[in-house]
Amino acid sequence: MSAYLIADVKITDEGWVPDYAAKVHDIVHKHGGKYLARSANVETIEGAPLETTLIALLEFPSVEAAKSFLADPDYAPFATARQNGSDSRFQLIDDTDVAGTIPYLAKI
């Protein structure tokens, strides 16, 4: 079952960004993940806008793989740098359909 990590980030200090952007994708790949998007082109089309600078969407083969990436000691210094230089919200979802009405998604 695939899992998706949604990173909603408001950068407060850009010092961490170049190193993070250059190196974290290799750690993501190590855990079977891949970036589907990493964009600063954020447009709020409904609801109150958040103070988001960028959103990244990552796909992993499982919830466990995503959590393994987040817990990887190689990722720890990058996570700390990001946390110190941004307001971040990471959310993890799986590929299920809570209503159970979409035939190509797993039912809970």
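User: Why is Ala-7, in strand E1, called buried?

Analyst: Ala-7 lies in strand E1, where strands (E, at least two residues) and helices (H or I, at least four) are DSSP runs numbered from the N terminus. Ala-7 has a relative accessible area of 5%, and buried means under 20%, exposed over 50% and partly exposed in between, with a 1.4 Å probe and protein chains only, so Ala-7 counts as buried. This is a predicted model, in which local features need pLDDT of at least 70 and side-chain atom pairs count only at pLDDT 80 or more, while totals for chains, interfaces and linings use all residues. Residues are numbered from 1 along each chain as its sequence is written, and side-chain values use heavy atoms, with hydrogens and water left out.

User: Which residues does Ala-7 touch, not counting residues up to four places away in sequence?

Analyst: Contact means heavy atoms within 4.5 Å, and, with residues up to four places away in sequence not counted, Ala-7 touches Leu-54, Ile-55, Ala-56, Arg-89 and Phe-90.

User: What makes Ser-2 count as buried?

Analyst: Ser-2 is in the segment before E1, and its relative accessibility is 18%, which is under the 20% limit, so Ser-2 counts as buried. Among the residues that Ser-2 touches are Glu-59, Phe-60 and Ile-93.

User: How do you know that the buried residues of helix H2 are on the same side?

Analyst: The buried residues of H2 (residues 63–71) are Ala-65, Ala-66 and Phe-69. They cover an arc of only 100° around the axis, which puts them on the same side of H2; the arc is that of the directions from the helix axis to the C-beta atoms. On the other side of H2, Glu-64, Lys-67 and Ala-71 are exposed. What covers the buried residues of H2 includes strand E1 (3–11), helix H1 (17–30), strand E3 (54–60) and strand E4 (86–94).

User: What makes a set of residues a nonpolar core, and which members of the largest one touch the most other members?

Analyst: A nonpolar core is a set of buried Ala, Val, Leu, Ile, Met, Phe, Trp, Tyr and Cys residues joined through side-chain atoms within 4.5 Å. The largest has 19 residues, of which Val-24, Phe-60, Phe-69 and Tyr-75 touch the most other members. E1, H1, E3, H2 and helix H3 (76–84) each supply at least two residues of this core. In soluble globular proteins, nonpolar side chains tend to be buried together.
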